[in-house]
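Me: Please look over the sequence and the model with me. I would like to ask how each label is earned, and to have each value set against the rule behind it.

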Amino acid sequence: MRQDYWAKKAKLKGFRSRAVFKIMEIDQKVDLFKNVKSILDIGSSPGGWSEYASKKCPNKNIFAIDLLEMEPVDNVSFFKADIKNIDQIKAVNDKKGTFDLVISDLAPNITGIGAVDNESILELNMLTLEIAVNLSKTQSKFLVKTFQNNNFKYFRSFMEKKFSLVQNFKPLASKNRSSEIYLYGEN
Ligand SMILES: C[S@@+](CC[C@H](N)C(=O)[O-])C[C@H]1O[C@@H](n2cnc3c(N)ncnc32)[C@H](O)[C@@H]1O
């Protein structure tokens with residue numbers, strides 16, 4: 001398959017995935033890592049975002065979770081788990097109330113059946129929001145991947161209940177034909 005511009009660029013620069021350019025662009029706009037001491041990366045593999053977070057916040061607490069294995073990243077504690085079972089990860093739960101930034105690039109397996117996919121996206125987005133709110137400090141930031149479908153406004157309305165500022169981002173590295181979009185919330 002022909003590699004796109006961002007995938008080639010990621011390879012040239014030695015990044016693990018093209019996804020890193022998405023967080024980089026959003027970071028340039030909102031200064032994501034400013035005053036951040038503890039980060040949770042949800043849906044982290046292969047590790048582009050974790051690696052970026054580790055470079056931006058050396059020697060800070062960074063935890064990452066994915067269903068799939070992830071090659072080690074300096075300064076990142078990785079847990080191979082389904083986020084539905086996050087309650088069973090003691091090291092993460094011990095940090096409850098200390099996270100300042102939760103980032104989630106999590107994407108469910110797509111079946112191609114619109115109604116089914118939209119529901120699984122919403123379910124995972126709601127779960128990710130709940131995790132972010134439960135584990136974070138009151139003053140915190142949350143970046144989450146979602147999709148522009150008929151549940152988008154509904155999910156955004158939940159973000160607005162939890163964060164005083166909510167913004168949409170469609171980074172350049174996000175494929176135009178993809179309905180993927182990022183929501184950023186901060187308190
Ligand atoms: C687009 S990738 C993340 C890319 C990553 N941000 C990077 O920069 O390399 C989405 C990830 O979400 C993970 N994922 C999907 N459902 C999950 C779940 N229920 N629990 C944990 N991880 C999940 C997938 O395994 C996949 O690795």
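## Burial and the loops

Me: What do the buried residues of helix 2 pack against?

Reply: The buried residues of helix 2 pack against helix 1 (5–13), helix 3, strand 4 (99–104) and strand 7. They are Val20, Phe21, Lys22 and Ile23, in a helix that covers residues 20–30. Please keep in mind throughout that this is a predicted model.

Me: Why is Arg18 called buried or exposed?

Reply: A residue is called buried if 20 or more other C-beta atoms lie within 10 Å of its own, and Arg18 has 20 such neighbours, so it counts as buried. Arg18 sits in the loop between helix 1 and helix 2. Setting aside neighbours within four places in sequence, Arg18 is in contact with Trp6, Ala7, Ala10 and Ala173. Its C-alpha atom is also 9.0 Å from that of Ser174, although 156 residues separate Arg18 and Ser174 in sequence.

Me: How do you know whether Leu12 is buried or exposed?

Reply: The label "exposed" applies at 12 or fewer other C-beta atoms within 10 Å, and Leu12 has 8, so Leu12 is exposed. Leu12 belongs to helix 1, and its C-alpha atom is separated by 32 Å from that of Ile83, which is 71 residues away along the chain.

Me: What makes the backbone of Asp31 worth a remark?

Reply: Asp31 has a positive phi of about 55° although it is not a glycine. Most residues other than glycine have a negative phi. Asp31 comes just after helix 2, in the loop between helix 2 and strand 1, and with 11 C-beta neighbours inside 10 Å, set against the limit of 12 or fewer, Asp31 counts as exposed.

Me: What phi does Asn35 take, and where does Asn35 lie?

Reply: Asn35 takes a positive phi of about 60° and is not a glycine either, and its place is in the loop between helix 2 and strand 1. With 9 other C-beta atoms within 10 Å, Asn35 is exposed.

Me: Which peptide bond leads into Pro46, cis or trans?

Reply: The bond from Ser45 to Pro46 has omega near 5° and is cis, whereas most peptide bonds are trans. Pro46 is in the loop between strand 1 (38–42) and helix 3.

## The sheet

Me: In what order do the strands of the sheet stand, and what kind of pairing do they have?

Reply: The seven strands form an open sheet in the order 3-2-1-4-5-7-6, and the pairing is mixed. Strand 3 (76–80) and strand 6 (165–169) each have a single partner strand, so one side of each is left without a neighbour and these two strands stand at the edges. From one strand to the next, the twist averages 15°.

Me: How do you know that strand 7 pairs with strand 5 and strand 6?

Reply: Pairing needs at least two bridges between the strands. Strand 7 (residues 180–186) has five with strand 6 and seven with strand 5, so each count meets the rule, and each of these pairings is antiparallel. Within strand 7, Gly185 stands opposite Val166 and also opposite Phe142, while Tyr182 stands opposite Phe169. Helix 6 (residues 152–162) lies across strand 5 (136–147), strand 6 and strand 7, running at about 15° to strand 7.

## The core and the ligand

Me: Which residues have the most contacts inside the largest nonpolar core?

Reply: Val20, Leu40 and Val102 have the most contacts inside this core of 46 residues, to which helix 5 (residues 114–135) gives the most, with six residues. Leu40, for its part, touches Phe63, Val92, Phe99, Val102 and Leu135, not counting residues up to four places away in sequence. In soluble globular proteins, nonpolar side chains tend to be buried together.

Me: What makes up the shell around the ligand, by class?

Reply: The shell has 11 nonpolar, six polar and five charged residues. Of the 22 residues that surround the ligand, the closest are Ser17, Ala19, Gly43, Gly48 and Asp105. Helix 3 (48–56) and strand 2 (61–66) each supply at least two residues of this shell.

Conventions
Residues numbered from 1 in each chain as written. Predicted model: local features only at pLDDT ≥ 70, side-chain atom pairs only at ≥ 80, totals over all residues. Helix = DSSP H or I, 4+ residues; strand = E, 2+ residues; numbered from the N terminus. Axes fitted to C-alpha atoms, helices over the stretch in contact; angles between N-to-C directions. Contact = placed C-beta atoms within 7 Å. Near = placed C-beta within 6 Å. Nonpolar A, V, L, I, M, F, W, Y, C, P; charged D, E, K, R; others polar. Core = buried A, V, L, I, M, F, W, Y, C linked by C-beta atoms within 7 Å.
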